[in-house]
Amino acid sequence: MSSRRSRASVSEEEINELISRLQTLLPSARRRGGNQASTTKLLKETCSYIKSLHREVDDLSDRLSDLMATMDQNSPGAEIIRSLLR
């Protein structure tokens, strides 16, 4: 059973590497510089950051929909927007 568990689990070294990579992706962790945050705090910040990105995407999508609704669908601007969405 322990051999099956060891193959399926992630080593502590791999977890540390993933946490380190995650720190490089979060703006709040980059601002802290070399200060190490706890793993729990880092994961909470990650969840919060992902939620804020989702809100930003939703907001941009709404704004884009509003813009498209006011444009002539055959205009060059509408075509540019459609090409960016592909």
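**Salt bridges, a helix crossing and a nonpolar patch**

Arg 63 is exposed, its relative accessible area being 53%. That value is over the 50% limit, so the residue falls in the exposed class. The coordinates come from a predicted model, and Arg 63 is a convenient place to start reading it, since its side chain takes part in a salt bridge with Asp 59. The closest N and O atoms of this pair are 3.7 Å apart. Asp 59 has a relative accessibility of 38% and therefore counts as partly exposed. Both residues belong to helix α4, where a spacing of four residues puts about one helical turn between Asp 59 and Arg 63.

It helps to step back to the overall fold at this point. The secondary structure of the chain consists of five helices and zero strands, and the order of elements from the N terminus is α-α-α-α-α. The chain has 86 residues, of which 16% count as buried.

Three salt bridges are found when the whole structure is searched. Besides the pair in α4, there is one between the side chains of Glu 17 and Arg 21, with an N to O distance of 3.3 Å. These two residues are four apart in helix α2, so about one helical turn separates Glu 17 from Arg 21. Glu 17 is partly exposed, at a relative accessible area of 42%.

Helix α5 (residues 76-85) holds another of these pairs, Arg 82 and Glu 79. Their side chains meet in a salt bridge at 3.1 Å, N to O. Here the spacing is three residues, and again about one helical turn lies between Arg 82 and Glu 79. Arg 82 has a relative accessibility of 26% and counts as partly exposed; Glu 79, with a relative accessible area of 35%, is partly exposed as well.

How do helices α2 and α4 lie relative to each other, parallel or oblique? As a general matter, two packed helices are described by the angle between their axes and the distance between the axes. The axis of α2 and that of α4 (residues 39-70) come within 11 Å and cross at roughly 45°. An angle of this size is over 35 degrees and under 65, so the two helices are oblique to each other. The crossing of α2 past α4 is left-handed.

Leu 42 gives a view of α4 away from the salt bridge, as this residue also has its place in that helix. Its relative accessibility is 0%, which means that Leu 42 counts as buried. Leu 42 and Ile 19 are 23 residues apart in sequence, while their C-alpha atoms are 8.0 Å apart in space.

The surface offers a contrasting picture of nonpolar side chains. Val 10, Ile 15 and Leu 18 make a nonpolar surface patch of about 260 Å². Of these, Ile 15 lies in helix α2, which spans residues 12-25. Ile 15 counts as partly exposed because its relative accessibility is 40%. Helix α2 thus brings together several of the features described here: it contains Ile 15 of the patch, it carries the pair Glu 17 and Arg 21, and it crosses α4 at roughly 45°.

Terms used: Residues are numbered from 1 along each chain as its sequence is written. This is a predicted model: local features need pLDDT of at least 70, side-chain atom pairs count only at pLDDT 80 or more; totals for chains, interfaces and linings use all residues. Side-chain values use heavy atoms; hydrogens and water are left out. Patches are made of residues with over 30% relative accessible area and no salt bridge: like charges are joined within 9 Å, nonpolar side chains (Val, Leu, Ile, Met, Phe, Trp, Tyr) within 5 Å. Accessible areas come from the Shrake-Rupley method with a 1.4 Å probe; for residues, only the protein chains shown count as cover. A salt bridge is a side-chain nitrogen of Lys or Arg within 4 Å of a carboxyl oxygen of Asp or Glu. Buried means under 20% relative accessible area, exposed over 50%, partly exposed in between (1.4 Å probe, protein chains only). Axes are lines fitted to C-alpha atoms, for helices over the stretch in contact, and angles run from 0 to 180 degrees between N-to-C directions. Angles under 35 degrees count as roughly parallel, over 145 as roughly antiparallel, 65 to 115 as roughly perpendicular and the rest as oblique. A crossing is left-handed if the near helix is turned anticlockwise from the far one by less than a right angle, and right-handed if clockwise.
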